[in-house]
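Me: I'm new to this structure and would love a close look at one small part of it. Could you walk me through it slowly, in a friendly way?

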Amino acid sequence: MQLKRSIYFWAGAADSAIRHVLKFVRTDTLCRVVERLSIPWNYVAETAVNRQIGEWIAARFGDFGYEVTIQEPHRNVIAYNRESPGGGNDRRPL
């Protein structure tokens with residue numbers, strides 16, 4: 001994963017652990033994830049589906065060992081590396 005655009009961070013190199021794990025992603029698994037996330041929805045009219053997708057994404061990051069928070073008001077999923085160099089005091093999002 002590489003940050004492409006942010007008002008707070010410059011683009012950086014992809015995390016080596018993520019690059020390593022991506023080697024093991026199977027095509028059928030990727031297809032199932034894309035199907036799960038591709039449910040037609042509307043941000044305003046389908047808020048329940050939007051919430052379910054966000055919770056699913058947060059749970060997957062949690063399964064991978066990341067600390068996850070939900071950023072309001074738009075319910076953005078933010079995942080933090082629990083093993084940050086500063087022991088968690090300098091949490092950096094993925």
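With which residue does glutamate 72 form a salt bridge, and how far apart are the closest N and O atoms?

Reply: Glutamate 72 forms a salt bridge with arginine 75, and their closest N and O atoms are 3.3 Å apart. The term covers a side-chain nitrogen of Lys or Arg within 4 Å of a carboxyl oxygen of Asp or Glu. Side chains of opposite charge can pair when their charged atoms come close.

Before going on, please keep in mind that this is a predicted model, where local features need pLDDT of at least 70 and side-chain atom pairs count only at pLDDT 80 or more, while totals for chains, interfaces and linings use all residues. Residues are numbered from 1 along each chain as its sequence is written, and side-chain values use heavy atoms, with hydrogens and water left out.

Now for the two partners. Glutamate 72 counts as exposed because its relative accessibility is 52%, whereas arginine 75, at 24%, counts as partly exposed. The cut-offs are under 20% relative accessible area for buried, over 50% for exposed and partly exposed in between (1.4 Å probe, protein chains only).

Where does this pair sit? Strands S1 and S2 form a hairpin with four residues between them, and arginine 75 belongs to the turn. Strand S1 covers residues 67-71, and strand S2 covers 76-80. Helices (H or I, at least four residues) and strands (E, at least two) are DSSP runs, numbered from the N terminus.

The backbone of this turn deserves a look too. A cis peptide bond, with omega of about 10°, joins glutamate 72 and proline 73. Proline 73 lies in the loop between S1 and S2. Arginine 75 has a positive phi of about 60°. For background, most residues other than glycine have a negative phi, and most peptide bonds are trans.

On either side of the turn, S1 and S2 pair in the antiparallel sense over five bridges; pairing requires that DSSP finds at least two bridges between two strands. You can pick out one example: isoleucine 70 has valine 77 in S2 as its bridge partner.

How confident is the model here? Among the elements of the chain, S1 has the highest mean pLDDT, 90, while helix H1 (residues 16-22) has the lowest, 80. The mean over the chain is 77, with 73% of its residues at 70 or more. This pLDDT score is the predictor's confidence in each residue, from 0 to 100.

For context, the count of salt bridges comes to four. Elsewhere, Arg26, Asp28 and Arg32 are linked in a network of them. In that network, the closest N and O atoms are 2.5 Å apart for arginine 26 and aspartate 28, and 3.6 Å apart for arginine 32 and aspartate 28. Arginine 32 and aspartate 28 are separated by about one helical turn, because they are four residues apart in helix H2 (residues 27-37). Aspartate 28 counts as partly exposed, at 33% relative accessibility, and so does arginine 32, at 49%.

So, back at your starting point, glutamate 72, which counts as exposed, is joined to proline 73 by the cis bond and forms its salt bridge with arginine 75.
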